[in-house]
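Dear colleague,

I am passing on the structure we spoke about, together with a short account of what was found in it. Please keep it open beside you while you read.

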Amino acid sequence: QVQLVESGGGLVQPGGSLNLSCAAFGSIFSISGMGWYRQAPGKEHELVAMITSGGSTQYADSVKGRFTISRDNALNTVYLQMHSLKLEDTDVYYCAALGADTNYKAFSVWGQGTQVTVSS
């Protein structure tokens, strides 16, 4: 079983910065993709950023130039640096990972979510 543990988040003023991290634990053989999604109440998950094991990245248009995703493959950890935060970045942020376990069975897991609140 693979689990994701998120940390970071909190309250920040507009224009401020926050860092999120997410570590994967369990019977992991490999992780192909890790990413961050966010979800406002009553809305569907929105992709914020994702990164492959090779380092290729993808960002939502709304965060390009402000957010940076990175990962440490050895630690099975993904990071999200958020700068120039805006009021509309307020959301619950979820980490997600795709990969294979030690039985070579594919997995897709989500973290528990961490609240990011941008407010003056």
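Is Y104 buried or exposed? Y104 is exposed, and its relative accessible area is 60%. Please bear in mind that the model is predicted, and that the values below were computed from it.

Y104 takes part in an aromatic pair with F29, in which the ring centres lie 4.9 Å apart and the ring planes stand at 75°, so the pair counts as edge-to-face, given that planes over 60 degrees apart fall into that class. The partner, F29, is partly exposed, with a relative accessible area of 49%. As for where these two residues sit, F29 belongs to strand β4, which covers residues 28-39, whereas Y104 is found in the loop between β9 (91-101) and β10 (106-110), so the pair ties together parts that are 75 residues apart in sequence. The count of aromatic pairs in the model comes to 2.

The other finding concerns the cysteines, for which the count comes to 1 disulfide. This disulfide joins C22 to C95, with a distance of 2.1 Å from S to S. The torsion about the S-S bond of C22 and C95 is about -85°, so the disulfide is left-handed. Because C22 lies in strand β3 (residues 18-26) and C95 in strand β9, this pair ties together parts that are 73 residues apart in sequence. Both C22 and C95 are buried, whereas Y104, as said above, is exposed.

With best wishes

Conventions
Residues are numbered from 1 along each chain as its sequence is written. This is a predicted model: local features need pLDDT of at least 70, side-chain atom pairs count only at pLDDT 80 or more; totals for chains, interfaces and linings use all residues. Side-chain values use heavy atoms; hydrogens and water are left out. Rings of Phe, Tyr and Trp (its six-membered ring) pair if their centres lie within 6.5 Å; planes under 30 degrees apart count as stacked, over 60 as edge-to-face and the rest as tilted. Helices (H or I, at least four residues) and strands (E, at least two) are DSSP runs, numbered from the N terminus. Buried means under 20% relative accessible area, exposed over 50%, partly exposed in between (1.4 Å probe, protein chains only). A disulfide is a pair of cysteine sulfur atoms within 2.5 Å.
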